[in-house]
Amino acid sequence: RGWNSQDIFNTISVKGSVIRPSGLGNATMHKLFSPERLTTKQLSSLFLEDYEVVMQRDWAAYPKFNPPETFSPFLLAPGQLLPLLSR
């Protein structure tokens, strides 16, 4: 199947300008979170030809969990408001 950028990453941000690890000029550093490690082909579709991958780290940036259906009772501190919740 074909894919587009919405399929391969969750978020991307510009972190700033850095000196390239090769020492050959400056580059813009990006931080990207994706559900799976991106292939060279996918990275090439997102960035210009002269990109360098400096670091890749497997990290559960968007973990999935199921919260409990019921919650333990709690008391609010004096002066705190409790929003009305529909049941």
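Biologist: How many salt bridges does the count come to in this structure?
Modeller: The model is a predicted one, and a pair counts as a salt bridge when a side-chain nitrogen of Lys or Arg lies within 4 Å of a carboxyl oxygen of Asp or Glu. Side chains of opposite charge can pair when their charged atoms come close. By this rule, the count for the protein comes to 1 salt bridge.

Biologist: Which residue forms a salt bridge with Arg-37?
Modeller: The pair links distant parts of the chain, with Arg-37 in the loop between strand 2 and helix 2 (40–46) and its partner in the segment after helix 2, 21 residues apart. The closest N and O atoms are 3.1 Å apart, and the cut-off for a salt bridge is 4 Å. The residue that pairs with Arg-37 is therefore Asp-58.

Biologist: Is Asp-58 buried or exposed?
Modeller: Its partner Arg-37 has a relative accessible area of 46%, and for that reason Arg-37 is partly exposed. For Asp-58 the relative accessibility is 64%, and the word exposed is used for values over 50%. Asp-58 therefore counts as exposed.

Biologist: In what order do the elements of the protein run from the N terminus on?
Modeller: The protein has 2 helices and 2 strands. Helix 1 covers residues 5–8 and strand 1 covers residues 11–19, while strand 2 covers residues 26–33 and helix 2 covers residues 40–46. Read from the N terminus on, the order of the elements is α-β-β-α.

Biologist: How many bridges join strand 1 to strand 2?
Modeller: Some of the pairing can be followed residue by residue, for Val-14 of the one strand stands opposite His-30 in strand 2, and Ile-12 has Leu-32 in strand 2 as its bridge partner. The two strands run antiparallel, and the number of bridges that join them is 8.

Biologist: Which residue takes a positive phi in the hairpin of strand 1 and strand 2?
Modeller: This hairpin has 6 residues between the strands. The positive phi is near 85°, and the residue that takes it is Gly-23.

Biologist: How far apart are the C-alpha atoms of Thr-11 and Lys-31?
Modeller: Thr-11 lies in strand 1, and with a relative accessibility of 30% it counts as partly exposed. Along the chain, Thr-11 and Lys-31 are 20 residues apart, whereas in space their C-alpha atoms are separated by 8.1 Å.

Biologist: What distance separates the C-alpha atoms of Asn-10 and Pro-35?
Modeller: Asn-10 is found in the loop between helix 1 and strand 1, and because its relative accessibility is 43%, Asn-10 counts as partly exposed. Pro-35 is 25 residues away from Asn-10 along the chain, yet the C-alpha atoms of the two are separated by 7.2 Å.

Biologist: Which residue offers the backbone nitrogen that the side chain of Gln-42 reaches?
Modeller: Gln-42 has its place in helix 2, and it is buried because its relative accessible area is 14%, the limit being under 20%. The side chain of Gln-42 comes to 2.9 Å from that nitrogen, which belongs to Thr-39.

Biologist: Which side chain does a polar contact join to that of Ser-44?
Modeller: Ser-44 is also found in helix 2, where a relative accessibility of 39% makes Ser-44 count as partly exposed. The contact spans 3.5 Å, and the side chain at its other end is that of Tyr-51.

Biologist: How far apart in space are Phe-47 and His-30, C-alpha to C-alpha?
Modeller: Phe-47 has its place in the segment after helix 2, and at 22% relative accessibility Phe-47 counts as partly exposed. In sequence, Phe-47 and His-30 are 17 residues apart, and in space the C-alpha distance is 10.0 Å.

Biologist: Which element gives the most to the lining of the largest pocket?
Modeller: About 1300 Å³ of space lies in the largest pocket. Of the 35 residues that line it, those closest to its centre are His-30, Lys-31, Leu-32, Met-55 and Gln-56. Two or more lining residues come from each of two elements, strand 1 and strand 2. The one that gives the most, with 7 residues, is strand 2.

Biologist: How many residues of the lining of the largest pocket are nonpolar?
Modeller: The lining divides into three groups, of which the polar one has 5 residues and the charged one has 10. The number of nonpolar residues in the lining is 20.

Definitions and conventions: Residues numbered from 1 in each chain as written. Predicted model: local features only at pLDDT ≥ 70, side-chain atom pairs only at ≥ 80, totals over all residues. Heavy atoms only, no water. Helix = DSSP H or I, 4+ residues; strand = E, 2+ residues; numbered from the N terminus. Buried < 20%, exposed > 50% of the residue type's maximum accessible area, 1.4 Å probe, protein only. Pairing = 2+ DSSP bridges. Polar contact = N/O pair within 3.5 Å; in protein donor to acceptor, adjacent residues only side chain to side chain. 1 Å grid on protein atoms, 1.4 Å probe; cavity = no way out; pocket = protein on both sides within 12 Å on 5 of 7 lines; lining within 4 Å. Points joined across faces, edges and corners; volume = space filled by probe spheres on them. Nonpolar A, V, L, I, M, F, W, Y, C, P; charged D, E, K, R; others polar.
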